[in-house]
Amino acid sequence: MKKIEAIIKPFKLEEVRDALSEIGISGLTVTEVKGFGRQKGHTELYRGAEYVVDFLPKVKIEIVLADEIVDQAVEAIIKAAHSGKIGDGKIFVMPVEQVVRIRTGETGEAAI
């Protein structure tokens, strides 16, 4: 099993969710986060004063999947989240040792 964490632009969330649904992924966790990479923030004007916004709003999607579908999921996220502009995001794939469904006690892939 693998865990995919994808950091994307907030307005791309629906497109990514739809793309994942199309390949049969029905569950995911979404968290509103802030951060920056090469964008290094930007400046904004508020009541005539200019100030720097260091951390930009992003969305983090977390999914735990069987190994066989990971590449398909990564491709779906890339296609849906891509805008070609700086700040499109990142995808991290990492191993998961164990999953337990609390309600039933199921473990492993049965708990996904």
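Read from the N terminus, the elements of the chain follow the order β-α-β-β-β-β-α-β, which gives two helices and six strands in this predicted model. Contacts within the chain often bridge long stretches of sequence: of those between residues at least 6 apart, 73% join residues at least 24 apart.

The overall dimensions come next. Along the principal axes, the C-alpha atoms occupy a box of roughly 55 × 30 × 20 Å. The radius of gyration of the chain is 17 Å, whereas a compact globule of 112 residues would have a value near 13 Å. Of the 112 residues, 32% are buried. The exposed surface of the chain comes to about 7700 Å², with carbon and sulfur atoms supplying 52% of it. As for charge, the chain carries 16 positive and 18 negative charges, and the mean positions of the two sets lie 6 Å apart.

A closer look at one residue helps to make the picture concrete. Aspartate 88 sits in the loop between α2 (70-81) and β6 (89-95). Its relative accessibility is 16%, so aspartate 88 counts as buried, the cut-off being under 20%. Leaving aside residues up to four places away in sequence, aspartate 88 touches Ile7, Ile8 and Lys9, as well as Ala81, His82 and Ser83. With serine 83 there is also a polar contact between the two side chains, at 2.4 Å. Glutamate 22, by comparison, is 66 residues from aspartate 88 along the chain, and the C-alpha atoms of the two are separated by 21 Å.

Methods: Residues are numbered from 1 along each chain as its sequence is written. This is a predicted model: local features need pLDDT of at least 70, side-chain atom pairs count only at pLDDT 80 or more; totals for chains, interfaces and linings use all residues. Side-chain values use heavy atoms; hydrogens and water are left out. Helices (H or I, at least four residues) and strands (E, at least two) are DSSP runs, numbered from the N terminus. The radius of gyration is taken over C-alpha atoms; the globule rule is 2.2 Å times the number of residues to the power 0.38. Buried means under 20% relative accessible area, exposed over 50%, partly exposed in between (1.4 Å probe, protein chains only). Contact means heavy atoms within 4.5 Å. Accessible areas come from the Shrake-Rupley method with a 1.4 Å probe; for residues, only the protein chains shown count as cover. Lys and Arg count as positive and Asp and Glu as negative; His and the chain ends are not counted. The place of a charge is taken as NZ of Lys, CZ of Arg, CG of Asp or CD of Glu. A polar contact is a pair of N or O atoms within 3.5 Å; within protein, one must be able to donate a hydrogen and the other to accept it, and residues adjacent in sequence count only if both atoms are side-chain atoms.
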